Amino acid sequence: MERTDEELIRAYASGEPDAVGLLFARHKGSIFNFALRLIGNRADAEDVTSDIFLQLFNRRYQPIPQVKFTTWLFAVARNACLSRIRSRNMLGSFWFKRDGEDGFEEQEVVDPAENQGEALRSKEKAKMVKRAVLDLPHPQKEALILREYFSKDYAEIAVILGCSLDNVKVLIFRGRERLRISLAAWMKEETL
Amino acid sequence: MNEHDKLLISAYVDGALSPEDAVRAKQLLAGNPACRAYYDDIRKLSISLSVVKDEQLSPDAEIQIIQRLHKETTYMKPKTWKTAATVCVILIITALALQTYAKRGIQGRLKQATNDIGDQYSAKPKSDGRLRDRNVKRPDNTGSTLQYDAYYTNTSVLTDKSSTRRASGYVDATVYSSGLMRDTRVIGTDVNNDSWGGESPAVTQKAKHEINDQYAMASAANYKGFLNKSPIPDQYQYNIPSNTEEYPFFNENEFLTTDQNPLSTFSTDVDTASYSNLRRYLTQNQVPPQDAVRLEEMINYFSYNYPNPKNGEPFSITTDLAVCPWAKKHLLLRIGLKGRVPDEEKLPASNLVFLIDVSGSMQDNNKLPLLKEGFKMMVRQLRPEDRVSIVVYAGYAGKVLDTTSGYDKEAILSAIDNLQAGGSTAGNEGIQLAYRTARESFIRGGNNRVILATDGDFNVGISDIGLLTNMIEEKRQEGVFLTILGVGNGNYKDDRLQSLADKGNGNYFYLDSIREAQKVLVHELGSTLFTIAKDVKIQVEFNPSQVKAYRLLGYEKRVMAKQDFNNDAKDAGEIGAGHTVTALYELVPPGVNDVPVSVDELKYSRTQPSFGEEVLTVKLRYKEPDGNVSKLITKPVGKGWLQMEPSGDFAWAAAVAEFGMLVKDSASRSKASFDHVLKATKSAKGDDRSGQRQEFIDMVETAQNLVPENSGQINFKGGNQDERWGY
């Protein structure tokens, strides 16, 4: 039977180094994508992912009965992303390309044959949506990303963000209100 | 449906309500169609959001992480626990020391770098007067105030303007113009106000690592408490990302003393691109970059009611003097030219080469599709004796239509319809081919013209602007004129296009809408296409006994050396059929000492006041379109012409200039204000058949919400100007 995250971390603590690799394999995708959606550029997101996992397995983690491992992992990831964003901004920013332009969105030469295609349209749409989410105020962005892309329930989001349940409700609501404006054109075309 | 209901429904969609609230939400949904629509909206939003798919960690990064993990975990094996603890303690101490050091270090550096960027520690942008209020009321959302974060990619305008601007001064002009300078986004108040919060980028990699260790420990220590953490402060401040539009940098004209510089010389300019570009920005609720605001192009966007020229001269010259509306002690001088309107039958045949950029960057709706419509409207105006050829360029340049008579409109229109965008841009090759084509179908005595339509982003081939302009200057000698139609946003290269048009005996327009295309290519086609005079230069000589100092409004890129006025080899602006050109001067009468003037008065060569009543003389030189020798017109202006306040068209031009100075945050704007602009424009609107003036008034109202007004740098105390002038 597959071991749970908590069991793996205990196994690691009692001297089974390979457990680390298993945990990493299990959660690398979600943590990387969480960082990517928050920070908006690939290089920083990869860097932060690396930092997060290193912290976890430097024996800093003490299991706490009432909180799931993944919740804790997201909370750590969230803090790491926040410091990364802050450190970027501290440098006065103009040395760094803004989100996306280094690797997040690949520079591509458009093939004329492909121009009118549906493929291009949905690419364009994905770009706009990414942009709109990135431009949300940071707390709203965090809450909304956790909800929409990671399907976390409100209680867990409250734990990850360290705020009250009501606060989560408001953050998600405000974020949606903004996106409803910035993505109005795309939303119109969706069918339920 | 109120905010609370919406909130309730938003949480209901996610199944996050308590049983009682859920019942309430269900009632709302059952009873109120608006609520049901809102419920659907939220689900649609989820679908929209889902288009952004998860990405994969790149294999390289993954391998690196696994290697690091492996190294760390073997190093941190339980057996070595004691050693590890000792090492840890040492590391932490080092890290703490380094952190303090690094903090100090970075503060020192930031003092220079952030003077204009904002206080990084409080993370609030400096409350400079130019900082934009982001709580903008959107016209389409009357009543509710939104925090407005533009999501367009082209939003340089809303970045803290002063920081971008001034930074460009000391960063490096090339860094700025190549778009490397990015956002000054600031994440707000420190959320985790813990010891590791001040992690500093200046820390070395090693130290950083150590700080991370410390950070992780602290995280763990804090972990138990983090359920009870205080809520997130909800106020986060953002600045907005920059873009890659490029505008030529220029300094505003300053006041010059008449003693030192009695002559003011400039070339005429009939371009209007700056105005339509400004309009694009304002309709997107953005403030344009200062360098994109050129007063002369704004003033000349409007046509003014000057008398038609008489006695076979190509121009009439009109001059007015009035009290300057934004500095009551000063005077405002208007010089207006109007070009002759030739009879339609006498218009020379046109040989037009449309040179159209069809590169990938042109596929947006406001680029190629707009141009196609514009060209089609224009082609419908053509006469049988006119000829059109079409050259397109993308990765390569090619001719898609050989020279075709205006009689065969169908062929031209279908060629335009077939244009599609795709590929990279080799503008240079296209321009060469276009001039070659123009040469091949040259009409002697006709109007030979290349019409270049582009967003200006030449990214393949010789894109060196210098080489291109050299080539265009060469072609100018052969009698081919150039018209440039600029389109698009986000990547718009205003500086290149303006400079190309200058060099190519050309004019330059910015098309932001089908309406603008109609203005340039249909209503004003005559003046767009038919040049009635070229190398039109104006020189004004001021009488030092009547004018102490003067300032030319706009025309910064057109100012010429005084000796160039009589030098026919020097290129200057072209004037089209029926075109009007307006220039404004702000004059300081003698005895008024409110303007800082840079040079001391001359001790020895005092000009004796003569021609007491004459304030100034306007001299104008022009060449016939095919001539090489210039002709001179002079016109003295006396004091008797003084109006109290500008009226009619003059008031309109003054208001446009005043508006330009406000948007530009001009140092010389004195008491200019949006309220005054609105007042003046509303009374000077006149018979506004085209609706252009009303549109301007709307723009002023938009800008008033976006641009905070500062008092100008020059302060005025009251005083009666009339006395000084002996009235």
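Among contacts in chain A between residues at least 6 apart in sequence, what percentage join residues at least 24 apart? In this predicted model, the figure comes out at 65%. Chain A is built with nine helices and zero strands, so reading from the N terminus simply gives α-α-α-α-α-α-α-α-α, given that helices and strands are taken as DSSP runs. Of its 192 residues, 55% count as buried.

Chain B offers a nice example of helix packing. Two packed helices are described by the angle between their axes and the distance between the axes. For helix H11 (residues 368-379) of chain B and helix H16 (residues 514-523) of chain B, the axes come within 9 Å and cross at roughly 35 degrees. The crossing of H11(B) and H16(B) is right-handed. On the H11(B) side, the contact is made by Leu370(B), Glu373(B), Gly374(B), Met377(B) and Met378(B); H16(B) brings in Ile514(B), Ala517(B), Gln518(B), Leu521(B) and Val522(B). Sorted by character, the residues of this contact are seven nonpolar, two polar and one charged.

Then there are the nonpolar cores. The largest has 75 residues, and those with the most contacts inside it are Leu584(B), Ala654(B) and Ala657(B). Helix H18 (residues 648-664) of chain B supplies the largest share of this core, 12 residues. What does Leu584(B) touch, leaving aside its neighbours within four places in sequence? Its contacts are Ile299(B), Leu332(B), Leu333(B), Arg334(B), Leu553(B), Ala653(B), Ala654(B) and Ala657(B). Apart from the largest core lies another, of 73 residues, and Leu36(A), Val13(B), Cys35(B) and Leu49(B) are among them.

Definitions and conventions
Residues are numbered from 1 along each chain as its sequence is written. Chains are lettered from A and ligands numbered from 1 in the order in which they are written. This is a predicted model: local features need pLDDT of at least 70, side-chain atom pairs count only at pLDDT 80 or more; totals for chains, interfaces and linings use all residues. Helices (H or I, at least four residues) and strands (E, at least two) are DSSP runs, numbered from the N terminus. A residue is buried if 20 or more other C-beta atoms lie within 10 Å of its own, exposed if 12 or fewer, and partly exposed in between; C-beta atoms are placed from the backbone. Two residues are in contact if their C-beta atoms, placed from the backbone, lie within 7 Å. Axes are lines fitted to C-alpha atoms, for helices over the stretch in contact, and angles run from 0 to 180 degrees between N-to-C directions. A crossing is left-handed if the near helix is turned anticlockwise from the far one by less than a right angle, and right-handed if clockwise. Ala, Val, Leu, Ile, Met, Phe, Trp, Tyr, Cys and Pro count as nonpolar, Asp, Glu, Lys and Arg as charged, and the others, Gly among them, as polar. A nonpolar core is a set of buried Ala, Val, Leu, Ile, Met, Phe, Trp, Tyr and Cys residues joined through C-beta atoms within 7 Å.
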